[in-house]
Amino acid sequence: MIETMNEFGFHIKEYPKLNRPLLIIGVDGWGNALNVSSGMITYLIDTLKAERIGKIDPDLFYRYDERRPVVEIVNGKMKSISPPGGVFYVVRSEGVARDLVLLKVDEPNLRWFQFVNDLFTLSGEM
C-alpha cells in the first residue's frame, strides 16, 4: 500500500482502528543515555511483533548535515538509502485493555514545536 502524507509531517498507510491506544516513544539522540530509550522501543517492536503503519517526513524535521542518511552498498551497487526519521508501529492485543502505538524516532533537529504538536494531533485521531 502506498503511504500518503497527512496534513502534518507524518506518512501513515492507514489509521487503524485501535482500542484506547497508548503512545510509547523511543527517541534516539541526546537524551538516550545507554540506549535505554531506543533499546526499549526496539525490544517492544520485536517482542510484540509490532506492525509498521507509517513514518516521519525527514525533510521537515532533520538537518542532513548533522544526521546523514545511511546508504547500503552491496557489490558496488546502492541497495538502499535510509534518511534520519522515525517509524510508527501498532500492536493490537486481544484480551488487553489497550492497544499500543510505538514510535521509534531519531531526535529531530528542526521544528520541535511542530513535531510535538503533530504528535498530539495524530494521537487525537487514533
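Arg63 is partly exposed, with a relative accessible area of 33% (buried means under 20%, exposed over 50%, and partly exposed in between, using a 1.4 Å probe and protein chains only). Asp65 is partly exposed too, at 47%, and salt bridges that share partners tie Arg63, Asp65 and Glu66 into one network. Bear in mind that this is a predicted model, so local features need pLDDT of at least 70 and side-chain atom pairs count only at pLDDT 80 or more, while totals for chains, interfaces and linings use all residues. Residues are numbered from 1 along each chain as its sequence is written, and side-chain values use heavy atoms, with hydrogens and water left out.

**Confidence**

- The protein has a mean pLDDT of 85, pLDDT being the predictor's confidence in each residue on a scale from 0 to 100.
- Of its residues, 94% reach 70 or more.
- The stretch to treat with care is residues 1-5, where pLDDT stays under 50.
- For residues 1-5 the model has 13 contacts beyond four places in sequence, a contact being heavy atoms within 4.5 Å.

**Helix H1**

- H1 covers residues 36-47, twelve residues in all; helices (H or I, at least four residues) and strands (E, at least two) are DSSP runs, numbered from the N terminus.
- From first C-alpha to last, H1 reaches 16 Å, close to the 16 Å expected at 1.5 Å a residue (the expected span is 1.5 Å times one less than the number of residues).
- Ser37, Ser38, Ile41, Leu44 and Ile45 are the buried residues of H1.
- Looking down the axis of H1, those buried residues fall within an arc of 130°, so they line one face of the helix; the arc is taken from the directions from the helix axis to the C-beta atoms.
- Val36, Tyr43 and Asp46, on the other side of H1, are exposed.
- Strands S3 (22-28), S7 (86-91) and S8 (100-106) are among what covers the buried residues of H1.
- Just after H1 comes Lys49, with a positive phi of about 55°.

**Strand pairing**

- S2 (residues 10-12) and S4 (residues 51-56) run antiparallel and are joined by three bridges; strands count as paired if DSSP finds at least two bridges between them.
- In that pair, Ile12 stands opposite Gly54 in S4.
- S4 also pairs with S7, again in the antiparallel sense, over four bridges, and here Arg52 stands opposite Tyr89 in S7.
- S5 (residues 70-74) and S6 pair antiparallel over five bridges, with Ile73 opposite Met78 in S6.
- S5 and S6 make a hairpin with two residues between them.
- S6 (residues 77-82) is hardly covered, as zero of its six residues are buried.

**Salt bridges**

- Side chains of opposite charge can pair when their charged atoms come close.
- The whole structure yields four salt bridges, each a side-chain nitrogen of Lys or Arg within 4 Å of a carboxyl oxygen of Asp or Glu.
- One of them joins Glu51 and Arg92, whose closest N and O atoms are 3.3 Å apart.
- This pair links distant parts of the chain, with Glu51 in strand S4 and Arg92 in the loop between S7 and S8, 41 residues apart.
- Both ends of that bridge are partly exposed: Glu51 has a relative accessible area of 39%, and Arg92 has one of 43%.
- Back in the Arg63 network, Arg63 bridges to Asp65 with the closest N and O atoms 2.5 Å apart.
- Arg63 also meets Glu66 in a salt bridge, at 3.1 Å from N to O.

**Unusual backbone**

- Most residues other than glycine have a negative phi, and most peptide bonds are trans.
- Arg20 is not a glycine, yet has a positive phi of about 40°; Arg20 sits in the loop between S2 and S3.
- Asn75, another residue other than glycine, has a positive phi near 55°.
- Asn75 belongs to the loop between S5 and S6, in the turn of their hairpin.
- Asn75 is also exposed, with a relative accessible area of 77%.
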